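Biologist: I'm new to this one. Could you show it to me and explain the words as we go?

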Amino acid sequence: MKEKFSGWHLLFVQYFKRDWKQIIIWVLGIGLFSSAFVPAFQEISKGQGLTGMFETLKNPAMISMVGQTSVDNAEDYTLGAMYAHEMLLFCGLLSIIVSILHTVSHTRKEEDKGLIEIVRSFQVGRQANALATILEVILINILLALLISGIMVSYGAESMTVAGSILFGSSVGTAGILGGSIGLLMSQLMPNSASATGSSLGFVGLMYIIRAGTDINNESLSMWNPVGWTYLTYPFTDNNWQPIIFALLFSIIMMITSFILEEHRDLGAGYLPEKEGRARARKSLLSVKGLFFRLNRGVILAWMISFAVMGAAYGSIYGSMESFIESNDLLQGMFSASGFTIEESFTATIMMVLITMVGILPIAIINKLFKEERRSHLSQFYVTTVTRAKLYWSNIFLAVLTGMLGIFIAAGSLGLTAVAVMEGKSDMKFFEFLIAGFNFLPAVLFYTGLSGLILGAIPKMGKFVYIYLIISFLINYFGNILDMPDWIFKIAIQSWLPEMPTEDFNPLVFFTIIVISFILIILGFFIYKQRDFKEGS
């Protein structure tokens, strides 16, 4: 037994030396996301904010998104209860996803690349790499739990007790350990790293959807769901440690099962056979556009579903919006505009949120082209008549098309749901939501153009566009509340566009940004056409 894991401690130390930058970003990123919004929630809770939030989150659509709370009435709905109710499930999911990606990347992906075979040629056990990786994930998540707990305790906020803060941090950390064990198991079952990642995330997504149904219809069934264990601890109210125990036991069982499976499988193989491809390719794959769509099909489908779900979730709030927003001065500052109804003001702000989500998809599609380039997957095109121009413009076309479709789905889902729940209480019509959404089309095209330019000039910096998108969102969402100076607003591309329906359409700005976006795309093409490829970099 010892021989199978011999040398794991050496790999463990080496992995920490190799991953220390990634670990810092991981711990600080999730740690701050999980704990840094307490001051904002303190502002929301002022006045009748807690009561308004409690009533709003009783909506079935909101329950399906954020889960249930153990509080039965608004009088007992404290700041801590609200924070855990709204944040814990999403923090847990984020921790699960990052741990899955890390585990699969350091086990099955390195196995596919042939790195594990090199490691095993030294005096280390057959399963030393898997043990070192999962122990690294466990230690990282312990550090994450400690950081979250410490930050939340430091606020000294009313109703956010030390015990509750420790449980909140432990819930997020345990979720990460759970994700690591899921990724380790799927790495043994699946034939390659891509399918291991996909099946792991698919399992988590399925459990999330099942949890949404059980939370609405029978909350007790959610306790049998692994995703449910991440938030049913109810920090600051019940302080229930039982789900933590369930999650850790389940993780241990999956780890032991993974080690047993790895012991009996060949290097590079999986227990589930790889699906055989078609004898002949579909006609759609005979074109570059069809191939790029096939490569991005899963991402596009997942994001389109997300746009529809988020639009419907926000739309469901319209029925009880007035009482919710009027209960708190902060919310009135965010969603109120003089001379317009609360529904119109809310639409102007929420549409900006949805369009920010839509902007992520074109960026991901354009960055995908560079990923394929780095993996040397495009080299087979070079011996054919397919040109760089064909590759670039096909990818840009797909990014623009999916961006427009994403706007239609997000705005349409919001409009359909809102009109249905308002039941004629507002004069807003469905087409007004679509107009408000497509008013932000230049912003989506700008992100596309910026991504195209970076793809040509400095492709390794493709993730910079995500950072700019997030900064733009934060400026627009919180700028008015924080009284930011006007010049800061000019940094965000959305700030140049009017927020319909509370502001009038500005055709000059609309078409100017579109022209600038296509200029960036064209510049990116000429640079892309001339630069060297970065294969294997």
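Modeller: Sure, definition up front: axes are lines fitted to C-alpha atoms, for helices over the stretch in contact, and angles run from 0 to 180 degrees between N-to-C directions. Helices themselves are DSSP runs (H or I, at least four residues), numbered from the N terminus. This is a predicted model, where local features need pLDDT of at least 70, side-chain atom pairs count only at pLDDT 80 or more, and totals for chains, interfaces and linings use all residues. Residues are numbered from 1 along each chain as its sequence is written, and side-chain values use heavy atoms, leaving out hydrogens and water.

Biologist: How do you know how H6 and H9 cross?

Modeller: From those fitted axes: the ones of H6 (residues 79-112) and H9 come within 7 Å and cross at roughly 35°.

Biologist: What makes the span of H9 close to the expected one?

Modeller: The expected span is 1.5 Å times one less than the number of residues. H9 (residues 162-189) has 28 residues, for which 40 Å is expected, and it reaches 41 Å from first C-alpha to last.

Biologist: Why is Thr230 called buried?

Modeller: Buried means under 20% relative accessible area (exposed is over 50%, partly exposed in between, with a 1.4 Å probe and protein chains only). Thr230 has 3%, so it counts as buried. Thr230 sits in the loop between helix H10 (193-217) and helix H11 (242-263).

Biologist: And what makes Gly452 buried?

Modeller: Its relative accessibility is 0%, so Gly452 is buried too. Gly452 belongs to helix H18 (residues 441-457).

Conventions:
Helix = DSSP H or I, 4+ residues; strand = E, 2+ residues; numbered from the N terminus.
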